[in-house]
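Let's take a walk through this structure together, following a few charged pairs and one meeting of helices. Have the model open while you read.

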Amino acid sequence: MGTNEMSAFGVGPDEEEIYRHFLRNPGTPADDIQLLLHTDPKTAQVALDRLCRLGLLRASGQLISPTDPDIALGRLMDIRLHELHQELQRVTQFRHVIDGLRAEQGLHSACRHGIEQLEDLDQVRSRIADLAFFARDEILSVEPYTELQPENVEQARPLDLRCLRRGVRIRSVVLRKALDHGPTVGYLRELVSQGALIRVAEDITERILVYDRRIAMVPVDPVDTSRGALLAHEGGLVANIIALFEKIWDQAEDLPMGTDAADDTTSQGLSQTEQRVLVLMCSVGKDEAGARELGVSVRTYRRHVADLMRVLCAASRAQAALLARERGWI
C-alpha cells in the first residue's frame, strides 16, 4: 500500500486505497473490497460508508463510482480550511486561558511550546520591525484596515521598501474599502510598483502576519489590537495560519492600478490588458493558465473575460473570440 497522501484531508490510508481503486475501476461493485485491504468485510464496509459520507464515492445500487478528484478534494479542502479558521479564532479569543497558564508557570514575557505573547502595541511594533528587518524570503499579511494614517505609512514604508529591494516577496490582502482613501491606495500602488503583490477583499476580519513561513503573528484581540499579539513559532500552528492566509488570498482580487502607461488603449479602443485577455482566451485552454500568463489571480482574469463578453454582446467565449476576430481586435 502506498503512502497516505490524502491524510491532510482527513482521509485514512485504507480509505485512500479504496478511493484510488474506484478511480481506476469506476462503476464496479464493492464485492470483495476487503481483499484489497487485507481486512475483514465489516472494516471494509465502514471505510466505504465514510467515503460516501465525505462525498468521495457515490453508490448506485451495487455499483460504486468515484467523485471527480477536483470536486471531491476541493470540498474536503474547504471543510478543512473552515476547521482551521475556527481553530485560529479560538486561539485568539481565549486570552484568559493563556494568561492563566502563564500565571501557573510564572512566565512574564513568553510562554513555552512555541507561542510567545507580546504585551502591548509598542512591543508588537518593535517585533514587527525586527521580523521585517531579518526576513529573507517572504512576508504574508492580511490587514483589514480602511485607511492608513500618515504616521503608519511613515513607519511602514522604509520597512516594506527595504524588504522589496532585498528581494523579499510580499503578499498582502487588504479591505476593498481602503481603496476609498486616496493616501492609502497611493501607498499600496507604490508598493505594487516596487514588486509587492497586493489583493483586495470585500469582507475580512482576520489580522495575520507571517515571516518566512516560520513565524506567524496574530492579535490577542482582533478588535482591539492594543491588547498585544501572539507570536507562533511552532510549525503546525504556523502551517495552519498559512493555510488560512492562502484561502483568503485565493478569494481576493488584484489591487486595481488605475490608468497608466501600461493600460493605454489600443487603436480598437481596448486597453492593452483587454487585448492580452482576448488573445489568451483564444490560445489557452484553462483560466488558470491564462491568469498565470497575465500575472493576475484567476478571479481577476475571469472578471476581465466577463467584461469583454459583455462588451462584445457574446453569449459564450467561443462567440466572443469569433466576434473579436470579425472586428479585427485579434
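What follows is a short tour of salt bridges first and a helix pair after that.

Keep in mind that this is a predicted model. Across it, the salt bridges add up to 16, and we'll stop at three of them.

Start with Arg-127 and Glu-116. Their side chains form a salt bridge whose closest N and O atoms sit 3.0 Å apart. This pair links distant parts of the chain: Arg-127 belongs to helix α6 (residues 121-134), while Glu-116 belongs to strand β4 (residues 115-118), 11 residues apart. Is each partner buried or exposed, or something in between? Arg-127 has a relative accessibility of 23%, so it counts as partly exposed. Glu-116 has only 13% of relative accessible area, under the 20% cut-off, and therefore counts as buried.

Next, look for Arg-169 and Glu-138, which meet in a salt bridge at 3.6 Å, N to O. Here two strands are involved: Arg-169 is in β6 (residues 169-175) and Glu-138 in β5 (residues 138-143), so the bridge ties together parts that lie 31 residues apart in sequence. Arg-169 is partly exposed at 42%, whereas Glu-138, at 10%, is buried. This pair also has company: Glu-138 and Arg-169 are linked with Arg-171, Arg-213 and Glu-246 in a network of salt bridges.

Now move along to Asp-287 and Arg-302, whose side chains meet in a salt bridge of 2.8 Å, N to O. This time the pair connects two helices, with Asp-287 in α11 (residues 287-294) and Arg-302 in α12 (residues 298-312), 15 residues apart. Asp-287 is buried, with a relative accessible area of 10%; Arg-302, at 41%, is partly exposed.

Finally, let's turn to a pair of helices. How do α7 and α8 lie relative to each other? The axes of α7 (residues 150-165) and α8 (residues 182-193) come within 10 Å and cross at roughly 10°. Angles under 35 degrees count as roughly parallel, so that is how α7 runs to α8.

Which residues make the contact? From α7 come Val-153, Ala-156, Arg-157, Asp-160, Leu-161 and Leu-164, and from α8 come Tyr-187, Glu-190 and Leu-191. Sorted by type, the residues of this contact are 6 nonpolar and 3 charged, with no polar ones.

Notes:
Residues are numbered from 1 along each chain as its sequence is written. This is a predicted model: local features need pLDDT of at least 70, side-chain atom pairs count only at pLDDT 80 or more; totals for chains, interfaces and linings use all residues. Side-chain values use heavy atoms; hydrogens and water are left out. A salt bridge is a side-chain nitrogen of Lys or Arg within 4 Å of a carboxyl oxygen of Asp or Glu. Helices (H or I, at least four residues) and strands (E, at least two) are DSSP runs, numbered from the N terminus. Buried means under 20% relative accessible area, exposed over 50%, partly exposed in between (1.4 Å probe, protein chains only). Axes are lines fitted to C-alpha atoms, for helices over the stretch in contact, and angles run from 0 to 180 degrees between N-to-C directions. Angles under 35 degrees count as roughly parallel, over 145 as roughly antiparallel, 65 to 115 as roughly perpendicular and the rest as oblique. Contact means heavy atoms within 4.5 Å. Ala, Val, Leu, Ile, Met, Phe, Trp, Tyr, Cys and Pro count as nonpolar, Asp, Glu, Lys and Arg as charged, and the others, Gly among them, as polar.
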